[in-house]
Amino acid sequence: MKFAKINTADTETLDLAGLGVGPFNMSLAALLDSQPDVATRFFEKQTAFGWHPGLMLPGAHMQTSCLKDLVTAVQPTSPWSFLSFLVNQGRFYSFLSTEKMVISRTEFVEYLRWVSDNLDSVQFDTEIREVNFSDNHFVLKTNDRVYKARNLCLGTGKMPYVPECATPFLGVHCFHASSLMTSEINLAGKKVSVIGGGQTGAEVFLNSLRGQWGKAAQVQWVSRRASFEPLDDSPFTNEYFTPDYVNQFLNLPDHKKETIVSYQKLASDGITPDYLLELYRELYDRTYLHQDEVDWQLLPDRTLTDMSCNESGHYELRLNNALSSNGERVIADVVILCTGFQNNLPQYLEPIRPLLNLDSLDRFQLSSSFKVKWNGPDDRRIYAVNAGLHSHGIAEPQLSLAAWRSATIINDLTGKETFRINRPASLINWQEPMGVAI
Ligand SMILES: Cc1cc2nc3c(=O)[nH]c(=O)nc-3n(C[C@H](O)[C@H](O)[C@H](O)COP(=O)(O)OP(=O)(O)OC[C@H]3O[C@@H](n4cnc5c(N)ncnc54)[C@H](O)[C@@H]3O)c2cc1C
């Protein structure tokens, strides 16, 4: 494909418009920075880079190696690698002395902010309001002006997931954790229920116990999982996060994919073992070594099934205890939902919705190169990142393969092997064993 040079006139037509600048589209922007013939612009509604700002809890760490950055896996010589950031900031030698491969979320955000501030193609303060298709181009209406593009990459992330029974109560005292650090929260003297047994649930529980938002009277942690379960970060499980595994997974029938993804849940959604140990030790100290001023309860193996608000303004949560098979009731003044995120079709796509070939669950149907199936011309493409757990598997919402996915998209867009990515990348023989096929 031949690309037009970018021009900044009002009629500028981009080869690729990136919608949203989280780590995934930023990876694409960072790799495309080495391809000056491709005219791109990446639009972000925030005024400056922020990564899940409401979840930047004290002490939070990444779950993945710092080498799984925006570019290193496919272009280690890129100026936008994490190592390059360390050198630029004068931290290289000190960083080595920390012997860390997993960094704090604060440092990861600093890295991402440094990249986004230095990439010419990233444009903040621009919210995509509407995407149309006319005269063989995508037309993007933003808060600022209209842009035209031949191709798109959708990277506006996921939406907070709220259990249906909690939806009527959303407000100051019942909210999704995604707004915790960006809202005024006061838990002083309150009975708090933390719902959700993943990493966020663990961080919110511990920070609530430690009085991050005022000294709570009681904190209870409810999880559907049988216990508070660790992230499986062991070597063979990590092989799920390789291009080779994704390529095998892609060819499986849909019903099999669903079963496998749910079986692999703890490979991406468990709690980091270091954090579990820190939490357990703190609970030990609070139980045996000093008089704890906060009353706390651990309630695993319970599903929140219903919720109501009584006359005195307290929430009554009904839980199903899977171990005892009994229904239970707990009372809370504040309910914090650490219930994860889900893919919704972004509102801005409504004008072209009739052109999208969505599946029966309103999800994108993605090709192996992350192209959305749609009824437009073949040379006008819509790519989507973080939208293919159902098609590409467990690695898709994670950072592990972000650089590989960006390179896959760029190779498809440019119609050539701009980045070399098809080298064997797994120790496991996922397909047929060597020898005689039966
Ligand atoms: C707290 C937390 C910690 C995580 N930690 C890890 C980890 O350690 N390792 C790992 O592999 N994965 C991790 N993940 C999972 C995953 O890597 C992240 O969710 C990641 O942020 C996904 O990147 P994204 O670019 O798809 O979306 P997001 O980071 O959500 O970015 C989307 C961007 O689009 C912007 N946007 C939305 N709508 C519009 C619009 N209409 N116009 C313009 N811009 C818009 C948003 O402002 C946002 O900046 C974590 C997830 C969470 C929630």
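User: In this predicted model, what share of the contacts with a separation of 6 or more comes from residues 24 or more positions apart?

Analyst: The model is predicted, and the contacts considered here are those in the protein with a separation of 6 or more. Among these contacts, the share that residues 24 or more positions apart account for is 71%.

User: Which residue lies 184 residues from lysine 158 in sequence, and how many Å apart are the two in space, C-alpha to C-alpha?

Analyst: Lysine 158 sits in the loop that runs between strand 6 (146-154) and strand 7 (159-160). Leaving aside residues up to four places away in sequence, lysine 158 touches Phe341, Gln342, Asn343, Asn386 and Pro397. The residue 184 positions away in sequence is glutamine 342, and its C-alpha distance from lysine 158 is 5.4 Å.

User: Is lysine 158 buried, partly exposed or exposed?

Analyst: A residue is called buried under 20% relative accessible area and exposed over 50%, with partly exposed in between. Because lysine 158 has a relative accessibility of 24%, this residue counts as partly exposed.

User: What radius of gyration does the protein have, and why does it agree with a compact globule?

Analyst: The C-alpha trace of the protein spans about 70 × 55 × 55 Å along its principal axes, and buried residues make up 50% of the 438 residues. A compact globule with 438 residues would have a radius of gyration near 22 Å, so the value for the protein agrees with that expectation, at 23 Å.

User: How many Å apart are the mean positions of the positive and negative charges of the protein?

Analyst: The protein carries 39 positive and 50 negative charges, and each set has its own mean position. The separation between these two mean positions is 3 Å.

Definitions and conventions: Residues numbered from 1 in each chain as written. Predicted model: local features only at pLDDT ≥ 70, side-chain atom pairs only at ≥ 80, totals over all residues. Heavy atoms only, no water. Helix = DSSP H or I, 4+ residues; strand = E, 2+ residues; numbered from the N terminus. Buried < 20%, exposed > 50% of the residue type's maximum accessible area, 1.4 Å probe, protein only. Contact = heavy atoms within 4.5 Å. Rg over C-alpha atoms; globule rule 2.2 N^0.38 Å. Lys, Arg positive; Asp, Glu negative; His and termini not counted. Charge placed at Lys NZ, Arg CZ, Asp CG, Glu CD.
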